[in-house]
Amino acid sequence: MNLAWRAMTVDERGQFDKDGYLIIRGALSPEEVDFYRSAIERVYVRHTPGEAMHLLSAVRNCPDLVGLLDHPAVFGYVWSTLGWNAHVHHSHIDVHPRVAEREPSWWHWHQDGGRQNRELETDPRPRLSVKLAYWFSDLAEPGRGNLTIVPGSHKTNWLPGPPRRDLEWPQPPGAVEVTVNPGDVLFFDRRIWHARSDNYSDITRKVAFIGYTYRWITIRDEVADLPAQPWWHNASPVQRQLLGHAGDGTGDHAWGHFPDTTPLYGELAGRGLLDSSIPALIP
Ligand SMILES: O=C(O)CCC(=O)C(=O)O
């Protein structure tokens, strides 16, 4: 069975709802880790060799990563939470070598979504998006630039932080460094409070983040010129949808009015996976 079409189990959904994240260990095979890591390294050498890289629009800048958009081992978590009317709105490739010396203090803690966290009035705010982080270096120990998170913090709108981001401030209570091996994937709710940490090891940190949201929320990545790129004709209809090119490109289509010409809807419907107990999966 292609795991892309395995729905999240009831237990996984319960854990995700409680903790705000899931770690999928060994999601990628060693060969896949080599393939994607080499692709990231090639891009890194062209961009900021030897320095930190935070490169937006992951697939546009590194087309070899297209297979991560709907990777069979983890894509089921995405459509199980967001349903079929989804796309990738924000993605980035990050490479962080050892920091030369202790970095000046900076409060990196945030929830994803930018102004969504100011402009939405509910408490807790809605989930709206989820993210996959694909790890390509050994972060099995803390101190290697691990992502830090506060488990279970995704339904908390506010975290007591410093009055200015550049002030020395203790980590929030309950913060943990996510320890992962190459090929592990972290699936997380955008609202979980998280922060990058500095890499004090000799292992260069390599990771790709892919963020998904509803098609009625606009895409932050650069996607307009993707159909002109040479690899585009090899992308599947679902991958094209995820990259912002589904249907006739109108707002009505993005609104979800035309499931029959929305590729992910077709894939799920054809497999009998439109579970009507999950609102986002209802046509
Ligand atoms: O690079 C990291 O570990 C943090 C990434 C991050 O903050 C984000 O994806 O919003």
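Author: Helices (H or I, at least four residues) and strands (E, at least two) are DSSP runs, numbered from the N terminus. The structure above is a predicted model, in which local features need pLDDT of at least 70 and side-chain atom pairs count only at pLDDT 80 or more, while totals for chains, interfaces and linings use all residues. Residues are numbered from 1 along each chain as its sequence is written, and side-chain values use heavy atoms, with hydrogens and water left out.

Reader: Which element gives the largest share of the lining of the largest pocket?

Author: A pocket is an open set of points on a 1 Å grid over the protein atoms alone, where a 1.4 Å probe fits, with protein on both sides within 12 Å along at least five of seven lines, and lining residues have an atom within 4 Å of a point. Here the largest share of that lining, 5 residues, comes from β3.

Reader: Which residues lie closest to the centre of the largest pocket?

Author: The largest pocket has a volume (the space filled by probe spheres set on the points, joined across faces, edges and corners) of about 1,200 Å³. Of its 44 lining residues, His110, Gln111, Asp112, Gly114 and Arg165 are the closest to the centre.

Reader: Which residues are around the ligand?

Author: Counting residues with a heavy atom within 4 Å of the ligand, they are His92, His110, Asp112, Lys131, Leu147, His194, Arg196, Arg205 and Phe209. As for polar contacts (pairs of N or O atoms within 3.5 Å), a polar side-chain atom of Asp112 lies 2.7 Å from an oxygen atom of the ligand, a polar side-chain atom of Arg205 lies 2.7 Å from a ligand oxygen, and for His92 the distance from such an atom to a ligand oxygen is 3.4 Å.

Note on methods: A polar contact is a pair of N or O atoms within 3.5 Å; within protein, one must be able to donate a hydrogen and the other to accept it, and residues adjacent in sequence count only if both atoms are side-chain atoms.
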